[in-house]
Amino acid sequence: MKTTQAVCAALAAVALLPACTDNTPTGPDYDPDVPTTLSSTVTNPFFPLEVGSVLTYEGMTDEGLETIVVEVMPGTRTVNGVAARIVRDRVYLDGDLIEDTFDWYAEDAAGNVWYLGEDSKEIENGTVVSTEGSWEWGVDGALPGIIMWADPSAHIGEEYRQEYYEGEAEDWGKVVATGRSVTVPAGNLTGCLEVEEWNALESNSTEKKFYCPQLGFALEIKASGDRVELVSVSTP
């Protein structure tokens, strides 16, 4: 599904790889050149992380109503020497907490947002049953990736890594289009970015996500056709 040429073009745009050739391997040879200056203040319009903001999403699944609460925390976490913004992501199924994740992000001087890791816990009946998918830049070979470009329009059709921890966290993204309009319970949103995202470790995992100006993630359409929609936004 992925071609070396497409991957090299995407990563070269932010100097994530040295010069590529058609036979340059991908996968474990991924070696991002992360900028030396990263900030926990994230202002990218398609991925703004305003401290104290809370975004709530809902979607129906085969198991019931899923509610996701995303909160931008006031504190930071040091990840491989970088102060990263903490974002807490809680998932509820019919009101019961089933996942509690802390994600870590930072923005470079150009405005690209880097994903530096996550501490993820799956919960059943109040008990943590799995931490699968957790990773941290600099630990056990895990590497960061781009979660949002400074100028997404310059990367349409390119594939890029959003995270890399071999065998555990291998998400990819591809910008499909800009200028999209979506309707969700939170409102009619325009000027949105359409991105395809998938997990390289899972088959049939491609989903469409829409990121809208000054809001960020607003709509997900899963491979099954199920939708996760932005319901409300609370800002400080």
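Is Ser 40 buried or exposed? Ser 40 is buried, its relative accessible area being 14%. The legends below describe this residue and other sites in a predicted model.

**Figure 1. Overview of the chain in the predicted model.** The chain contains one helix and 16 strands. Of its 236 residues, 47% are buried. About 11,100 Å² of the chain is exposed, and carbon and sulfur atoms supply 46% of that area. Among contacts between residues at least 6 apart in sequence, 45% join residues at least 24 apart.

**Figure 2. Surroundings of Ser 40, in the loop between strands E1 and E2.** Strand E1 covers residues 38-39 and strand E2 covers residues 54-61, with Ser 40 in the loop between them. When neighbours within four places in sequence are left aside, Ser 40 is in contact with Thr 76, Ala 83, Ala 84 and Arg 85. Ser 40 counts as buried because its relative accessible area of 14% falls under the 20% limit for that class.

**Figure 3. The disulfide between Cys 192 and Cys 212.** The count of disulfides comes to one. The two sulfur atoms of Cys 192 and Cys 212 are 2.1 Å apart. The link is right-handed, with 105 degrees about the S-S bond. Cys 192 belongs to strand E13 (residues 187-199) and Cys 212 to strand E14 (residues 207-212), so the disulfide ties together parts that are 20 residues apart in sequence. Both cysteines, Cys 192 and Cys 212, are buried.

**Figure 4. The salt bridge of Arg 90 and Glu 71.** A search of the whole structure finds twelve salt bridges. In the pair shown here, the side chains of Arg 90 and Glu 71 meet with an N to O distance of 3.1 Å. Arg 90 is in strand E4 (residues 82-93) and Glu 71 is in strand E3 (residues 64-79), so that the pair links distant parts of the chain, 19 residues apart. Arg 90 counts as buried, at 17% relative accessibility, whereas Glu 71 counts as partly exposed, at 23%.

**Figure 5. The salt bridge of Glu 136 and Arg 77.** The side chains of Glu 136 and Arg 77 meet at 3.0 Å, N to O. Glu 136 lies in strand E8 (residues 135-136) and Arg 77 in strand E3, so this salt bridge ties together parts that are 59 residues apart in sequence. Arg 77 has a relative accessibility of 30% and counts as partly exposed.

**Figure 6. The salt bridge of Glu 196 and Lys 174.** The closest N and O atoms of Glu 196 and Lys 174 are 3.7 Å apart. Glu 196 is in strand E13 and Lys 174 is in strand E12 (residues 171-184), a pair that links distant parts of the chain, 22 residues apart. Glu 196 counts as partly exposed, at 22% relative accessibility. Lys 174 is partly exposed, with a relative accessible area of 22%.

**Figure 7. A network of salt bridges.** Four residues are linked in this network: Glu 197, Glu 207, Lys 209 and Glu 220. Side chains of opposite charge can pair when their charged atoms come close.

**Figure 8. Phe 47 in the largest nonpolar core.** The largest nonpolar core has 53 residues. The members that touch the most other members are Phe 47, Tyr 57, Tyr 105, Leu 116, Trp 137, Met 148 and Tyr 211. Apart from neighbours within four places in sequence, Phe 47 is in contact with Val 42, Tyr 105, Val 113, Ile 147, Met 148, Tyr 211 and Gly 216.

**Figure 9. Polar contacts of the Ser 134 side chain.** Ser 134 is placed in the loop between strand E7 (127-130) and strand E8. A polar atom of the Ser 134 side chain lies 2.8 Å from the backbone nitrogen of Ser 120. The backbone oxygen of Thr 131 is 2.9 Å from a polar atom of the side chain of Ser 134. Beyond its neighbours within four places in sequence, Ser 134 is in contact with Glu 118, Asp 119, Ser 120 and Tyr 165.

**Figure 10. Surroundings of Ser 234 in strand E16.** Strand E16 covers residues 227-234 and includes Ser 234. Ser 234 is partly exposed, with a relative accessible area of 40%. Residues up to four places away in sequence not being counted, Ser 234 touches Gly 52, Ser 53 and Val 54. The C-alpha atoms of Ser 234 and Glu 71 are separated by 9.4 Å, although the two residues are 163 residues apart along the chain.

Terms used:
Residues numbered from 1 in each chain as written. Predicted model: local features only at pLDDT ≥ 70, side-chain atom pairs only at ≥ 80, totals over all residues. Heavy atoms only, no water. Disulfide = S-S within 2.5 Å. Helix = DSSP H or I, 4+ residues; strand = E, 2+ residues; numbered from the N terminus. Buried < 20%, exposed > 50% of the residue type's maximum accessible area, 1.4 Å probe, protein only. Contact = heavy atoms within 4.5 Å. Core = buried A, V, L, I, M, F, W, Y, C linked by side-chain atoms within 4.5 Å. Areas by Shrake-Rupley, 256 points an atom, 1.4 Å probe, with all protein chains shown as cover. Polar contact = N/O pair within 3.5 Å; in protein donor to acceptor, adjacent residues only side chain to side chain.
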